[in-house]
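Dear colleague,

I am passing on the structure below, together with some notes on its charged residues and its cysteines. Please have it open beside you as you read.

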Amino acid sequence: MALRPIHLLGSPVLRQHSDEVECVDDEVRTLVRDLFDTMYAAEGIGLAANQVGLAKRVAVVHAGDDPAVVLINPVIIEREGNEKEEEGCISIPDIFGDVDRSLRVVIETTNLDGARERHELTALSARAVEHEIDHLDGVLFLDHLSPLKRHMLLKKWKKLRKGQTGYVEEVSPAKRSRA
Ligand code: ZN
């Protein structure tokens, strides 16, 4: 089991548009395993590669009782419905905001054998997948909030981070679900 340090809000890699994976090799398979280990240690429901400092289009999701999902070069090919729910992020601990997401998505993703496959996801899994694909594009859940709400949460974040330096931290378990 290998845990990777988490990049927090402020780390430039979180704002990077991640690169496509050209070949699913052992390096990518190790990354996926480490992402799951790190996500479970953080008690999160999703984690993207750039949250551990690697701007690659790789992420994992495991929400509720749904099966775990490996995302490699994922794309959403269908969406349906809309729901506003509270969301958090492993890279922005203790900050939460209400975000609109689809209730159901169909995604196309590459599996660990390098083959493309389709998955249908609903509810929390759909939300987490959308959140992770946002990460791969350098987008954070804060970007979906109103400017006023975002400003308030960033103020809170600055207060919470006062006196702390750097943007990379070892994993710590969450108090509430986040991705
Ligand atoms: Zn996140």
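**Charges and cysteines**

The count of salt bridges comes to 16, and I should say at once that this is a predicted model, to be read with that in mind. A few of the pairs are described below, with the place of each partner.

Within helix α1, which covers residues 26–41, Arg29 and Asp26 stand 3 residues apart, so that about one helical turn separates them. These two side chains form a salt bridge in which the closest N and O atoms are 3.2 Å apart. Arg29 is partly exposed, because its relative accessibility is 31%, whereas Asp26, with a relative accessible area of 54%, is classed as exposed.

Another pair joins two strands. Arg104 and Glu120 meet through their side chains in a salt bridge, with an N to O distance of 2.8 Å. Since Arg104 belongs to strand β8 (residues 104–110) and Glu120 to strand β9 (residues 116–122), the pair ties together parts that are 16 residues apart in sequence. The two partners also carry different labels for accessibility: Arg104 is buried, at a relative accessible area of 19%, which falls under the 20% cut-off, while Glu120 is exposed, at 53%, which is over the 50% cut-off.

A further salt bridge links Arg116 with Glu108, where the closest N and O atoms lie 3.6 Å apart. Both residues are partly exposed, Arg116 at 40% relative accessibility and Glu108 at 22%. Besides the individual pairs, there is a network in which Glu78, Glu80, Arg104 and Glu120 are joined by salt bridges that share partners.

There is also a negative patch on the surface, made up of Glu83, Glu85, Asp98 and Asp100. Strands β6 (83–88) and β7 (96–101) each contribute at least two residues to this patch. One of its members, Asp100, sits in strand β7 and counts as partly exposed because its relative accessibility is 43%. A residue enters such a patch only if it has over 30% relative accessible area and no salt bridge, so the 43% of Asp100 satisfies the requirement on area.

Lastly, how many disulfides are there? The count comes to 0. As for the cysteines, Cys23 is partly exposed, with a relative accessible area of 48%, whereas Cys89 is buried, with a relative accessible area of 1%.

With best wishes

Methods: Residues numbered from 1 in each chain as written. Predicted model: local features only at pLDDT ≥ 70, side-chain atom pairs only at ≥ 80, totals over all residues. Heavy atoms only, no water. Patch = residues over 30% accessible without salt bridge, like charges linked within 9 Å, V, L, I, M, F, W, Y side chains within 5 Å. Areas by Shrake-Rupley, 256 points an atom, 1.4 Å probe, with all protein chains shown as cover. Salt bridge = Lys/Arg side-chain N within 4 Å of Asp/Glu carboxyl O. Lys, Arg positive; Asp, Glu negative; His and termini not counted. Charge placed at Lys NZ, Arg CZ, Asp CG, Glu CD. Helix = DSSP H or I, 4+ residues; strand = E, 2+ residues; numbered from the N terminus. Buried < 20%, exposed > 50% of the residue type's maximum accessible area, 1.4 Å probe, protein only. Disulfide = S-S within 2.5 Å.
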